[in-house]
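Work through the exercises below with the sequence and the model open beside you. Try each task before you read its solution.

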Amino acid sequence: MDKFTTLTGVAAPLPIINIDTDMIIPKQYLKTIKRTGLGTALFSEMRYNEDGTENPDFVLNKPAYRGARIIVAGDNFGCGSSREHAPWALLDFGIRCVISTSFADIFYNNCFKNGILPLVVTPEQLKLLLDDAERGSNATLTVDLEAQTIMGPDGGTLHFDIDPSRKQILLEGLDDIAGTLKSDPAITGFETQMAASRPWL
């Protein structure tokens, strides 16, 4: 998993509440178990017309936001079913950070497992960030995970809180297996001690 330290990129405004995982990646794309190739299906029901052409009014189809790395979204992002394909699709498109006032728990956890930073901010902070994101190609934010700050295009800085263990997972680029392997010496020591003290097991 790629490390997340500092991210500077265009932020796309998506001020819709209750964006569920079916909106992020519709059910017809769930047949694959590959984590790549889902970026073209991200938000497909909003992004494309019925004939398959792009909807020019959808934010990620606008020239200024095609290369967005950050999404600034409404409350309760990622609700609905627990499909891990949702963060896969975001990551494959190029999104490394989603900012909202709240996230569904399973989606929130899945983001960390896939190298995406889901940032929880206050409603007042979200309003400021949405205003920044409305600037089109000038809507560049810098997210510094180590410092726990978001810097806007005018240089203004907001602070965010994050669980220290989750922060460390992203800073080191650890998935669940890699995180467990960090404790390999302790695990091996315990198993050796158990084998010596209880050889019948």
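**Exercise 1. Decide whether Phe103 and Tyr108 are buried or exposed, and describe how their rings are arranged.**

Solution. Both Phe103 and Tyr108 are buried, where buried means under 20% relative accessible area, exposed over 50% and partly exposed in between, with a 1.4 Å probe and protein chains only. This is a predicted model, in which local features need pLDDT of at least 70 and side-chain atom pairs count only at pLDDT 80 or more, while totals for chains, interfaces and linings use all residues. Residues are numbered from 1 along each chain as its sequence is written, and side-chain values use heavy atoms, with hydrogens and water left out.

Next, take the rings: rings of Phe, Tyr and Trp (its six-membered ring) pair if their centres lie within 6.5 Å, and planes under 30 degrees apart count as stacked, over 60 as edge-to-face and the rest as tilted. The ring centres of Phe103 and Tyr108 are 5.8 Å apart and their planes stand at 40°, so this pair is tilted.

**Exercise 2. Place that pair among the aromatic pairs of the whole structure.**

Solution. The search of the whole structure gives 6 aromatic pairs. One of them joins Phe103 to Phe107, and this pair is stacked, with 6.3 Å centre to centre and 15° between the planes. Phe103 and Phe107 are both buried. Finally, ring pairs link Phe77, Phe103, Phe107, Tyr108 and Phe112 into a cluster.

**Exercise 3. Follow the chain through strands β2, β3 and β4, and state which residues stand opposite each other.**

Solution. Helices (H or I, at least four residues) and strands (E, at least two) are DSSP runs, numbered from the N terminus, and two strands pair if DSSP finds at least two bridges between them. Begin with strand β2 (residues 70-73), which pairs with β3 in the parallel sense over 3 bridges. From β2 the chain crosses through helix α3 (residues 85-93) to β3 in a right-handed β-α-β crossover; right-handed means that, with the strands pointing away from the viewer, the path from the first strand over the helix to the second runs clockwise. Across this pairing, Val72 stands opposite Ile99, and Ile71 stands opposite Val98.

Then look at β3 and β4, which pair in the parallel sense over 4 bridges, with Ser100 opposite Val120 in β4. Here the chain crosses from β3 through α4 to β4, and this β-α-β crossover is right-handed too.

On the other strand partner of β2, strand β1 (residues 6-14) pairs with β2 in the parallel sense over 4 bridges, and the bridge partner of Ala12 is Ile71.

**Exercise 4. Which way do the residues of β2 and β3 point?**

Solution. In β2, Ile70 and Val72 point one way while Ile71 and Ala73 point the other way, and all are buried. In β3 (residues 97-100), Cys97 and Ile99 point one way and Val98 and Ser100 the other, and again all are buried.

**Exercise 5. Which residues of helix α6 are buried, and where on the helix do they lie?**

Solution. The buried residues of α6 (residues 164-172) are Lys167, Leu170 and Leu171. They cover an arc of only 100° around the axis, taken from the directions from the helix axis to the C-beta atoms, which puts them on the same side of α6. Just after α6, Gly173 takes a positive phi of about 70°.
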